[in-house]
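Q: I'm new to this one and would like some help finding my way around. Could you show me the structure and walk me through it?

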There are 2 protein chains.
Amino acid sequence: MAKPNLLIVGAGGVGQVTANKAVQFRDDFGTITLAARNADKLNRIATEICGRWAGGEQVLSVRTLDARNLDEMIALIRDLDAGLVLNVASSYCNRTILDACLETGANYLDTALAEDEFIENIEAPWYSYIEWPRRPKFAERKISAFLGMGFDPGVVNIFCAYGRKHLLDEIDTIDIIDVNAGSHGRYFATNFDADINLREIREDAITWEDKAWKTIPRHSHWMDVSLPEVGTHRVYSMGHDEIQSLAVNFPDTHRITFWMGFGEHYLNVFNVLDNLGLTSSVPVEVDGVKVAPNRLVKALLPDPASLAEGYTGKICIGVELRGRKDGKEKRFFIWSNCDHQENFREVGSQSISYSTGIPVITAARLIANGTWNPQTMVHVEELDPDPFMALMPDVGIAWQMQELPLDGSWPYPAEV
Amino acid sequence: MAKPNLLIVGAGGVGQVTANKAVQFRDDFGTITLAARNADKLNRIATEICGRWAGGEQVLSVRTLDARNLDEMIALIRDLDAGLVLNVASSYCNRTILDACLETGANYLDTALAEDEFIENIEAPWYSYIEWPRRPKFAERKISAFLGMGFDPGVVNIFCAYGRKHLLDEIDTIDIIDVNAGSHGRYFATNFDADINLREIREDAITWEDKAWKTIPRHSHWMDVSLPEVGTHRVYSMGHDEIQSLAVNFPDTHRITFWMGFGEHYLNVFNVLDNLGLTSSVPVEVDGVKVAPNRLVKALLPDPASLAEGYTGKICIGVELRGRKDGKEKRFFIWSNCDHQENFREVGSQSISYSTGIPVITAARLIANGTWNPQTMVHVEELDPDPFMALMPDVGIAWQMQELPLDGSWPYPAEV
């Protein structure tokens, strides 16, 4: 099998990590191209990466692209003869990139659900609007599409598959927990695109329980957890991509919940903005012009990529699984940590971007060598987790697994 | 002396109260006209007022006017043959209205310092930029201009003059205290124009101490006070109009401070907005258009006039004076209370607007009958306080005076 040419779409924080790692492991791929709207940004990233990994040799090409333009997207895939498209652009672009892959036969991978700018609080499962209706076409044309292959969603789904394969005969509950104990030193900032980030926090929380979707008011359900290397944090139940597919692929589970850590200050700022209408995407008239309040807020907030240099501390993302093995009740935690400063030293990005880009290239290497080849649209928990979990540490992130006490306590230090 | 024709400029909350009271006491005046930009608003107010006080008889005329246009302003005064202009418009309009009065010979009254939209944290005394340079011209042409004749500034300055005339031989300290213990039931709102209100809170605090201006960081100096009918509140030192003139007119005072009550929630919302750059008046580019962040915030906040109907609770504004009488140390408090619901029932406005409009018409009646006739520009503490304090209860607001313990304690209930 020939090594596929790679097309990475998106030059934000995740695109930068993905391009770094693609170039580091370039022996696994054909040509590598990074495409996005801003030519200056592309050139800056390419110069930096080729300097870092290839002594300045031009092993990474760049192309300007509007990924929401289907014709442009199709033409670029054809022009590059791309065999694998890594979509790490804004999730507003998923629809056109999916269709361009269907049209050209290129394999597809993304890290987040498709979003529509003016639609919020849609009914679960969220994948049923844009992704799943396209699955029959991917199957029919034998094209692979890997949905949600960042860390969460992505690696956490694979942790669940690992738990089912190796740890438990029956899984009763899945709790996905994401804590960023890092500090960027700014008054307030979002770690990725402010539009998407504020929308995520704005929406009601969705969980899967007793074979049904449950919606609860946002930030109304929380718990305190002590996780490895980050200490004790309050985490809040939220709707999130991975629940939407895990509910389908782990149908006998009693409950699946996603938990995200937020500090009091972060939630306070969010609540003020939201209560005043400043997170809304619906334009209002101000002195004769129309402005979407959330776009003004985004314009005033720091660029997420600019946070990387001063970012300190660690993140911890993992999955708590409860169930039975050989009739005995068991509880496990499978997780990874990343260190903002270490990640910055290696690729110039903070850990939120790093932990999303590493799984993308881990998967891309498995796809390129034929290990993962479903020839249809899949969520990554449907694939064999073992080769992925064996390879991810080599790409950049280690993982750990530990059996936990059944009383629900956390055996990790509360303070770090 | 003929009764002067009144021109009221501005149809916000204060303009509405002023027009109500002008009509109620219309026997003291010639014609009465309310002028502002918005014809619909003017007509609505006029219909309501003529219905309330005159059985629908057209005793209040309205005129559309851009008060920042000097030619328009002059033409309107001439056309109405206005003898007294009551400026209760945005303080961005003071400059043109002052000049129009100088040009036409009409007497002038306002309730707040002139402001320039893009200038903040100017050096004290604030009156030295726009008002005082025009004083020689008012004197020369024998035109009266009454500066800062709302409640604070205004009545509190008159309370100081009363203290000097009747209570103390020497005044050591003046503390002006403004507490709004009312509740409008909204998440966040400003009680008057959001531009001016947020700017006031944004600026450093200025006090007069030991014959010098002192500037301290905003919200850094506070005290808890228990005031009549409103209970205990935390009040913060702020720069405010009245300090700027009292320092000149009470030159032997050791210290003059203005204190405003703010709840924790109010300051929290303000601080979030301010830290994110959302109180700034400097336009930023958002999706190709330029927008001043504070104007977007204003567009999202409730119209201050809309708060009146549901507003409950009371306000207390007063002056604490310390000094000596016949060689003996004394401490006094002189104050007024207003009740939001009572004021709404009477004129359809909340107490912040009411307590500003009542002094305007009290003064206008004294000016109309010749009691106050300085024929130059004055701050109201330069005038005889007695006729004003005798008349204000008749117009709508009573006042009280009490000698207080020298230990600094407040003899009023902490809870109401």
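A: Sure, and keep in mind that this is a predicted model. Let's begin with a cysteine: B:Cys338 counts as buried, because its relative accessibility is 6%.

Q: Is B:Cys316 buried or exposed?

A: B:Cys316 is buried too, with a relative accessible area of 0%.

Q: How many disulfides does the structure hold?

A: There are 0 over all chains. B:Cys316 is in none, and the nearest cysteine sulfur to its own belongs to B:Cys338, 9.6 Å away. A disulfide needs the two sulfurs within 2.5 Å, so that distance is too far for a bond.

Q: How do I read the size of the contact between the chains?

A: The size of an interface is often given as the accessible area lost when the parts come together. Here chain A and chain B bury about 2000 Å² between them, with 77% of it on carbon and sulfur atoms. In chain A, the residues that lose the most area to chain B are A:Tyr187, A:Leu276 and A:Leu296, together 28% of what that side buries.

Q: How many salt bridges are there between chain A and chain B?

A: The count is 2. One to look at joins the side chains of B:Asp287 and A:Arg295, at 2.8 Å from N to O. On the side of chain A that touches chain B, H9(A) gives the most, with 6 residues.

Q: And which residues of H9(B) are buried?

A: Among them are B:Tyr266, B:Leu267 and B:Phe270. What covers the buried residues of H9(B) includes helix H9 (264-275) of chain A. Just after H9(B), B:Gly277 takes a positive phi of about 85°.

Definitions and conventions. Residues are numbered from 1 along each chain as its sequence is written. Chains are lettered from A and ligands numbered from 1 in the order in which they are written. This is a predicted model: local features need pLDDT of at least 70, side-chain atom pairs count only at pLDDT 80 or more; totals for chains, interfaces and linings use all residues. Side-chain values use heavy atoms; hydrogens and water are left out. Buried means under 20% relative accessible area, exposed over 50%, partly exposed in between (1.4 Å probe, protein chains only). Helices (H or I, at least four residues) and strands (E, at least two) are DSSP runs, numbered from the N terminus. Contact means heavy atoms within 4.5 Å. Buried area is the accessible area (1.4 Å probe) that two parts lose on being put together, summed over both. A salt bridge is a side-chain nitrogen of Lys or Arg within 4 Å of a carboxyl oxygen of Asp or Glu.
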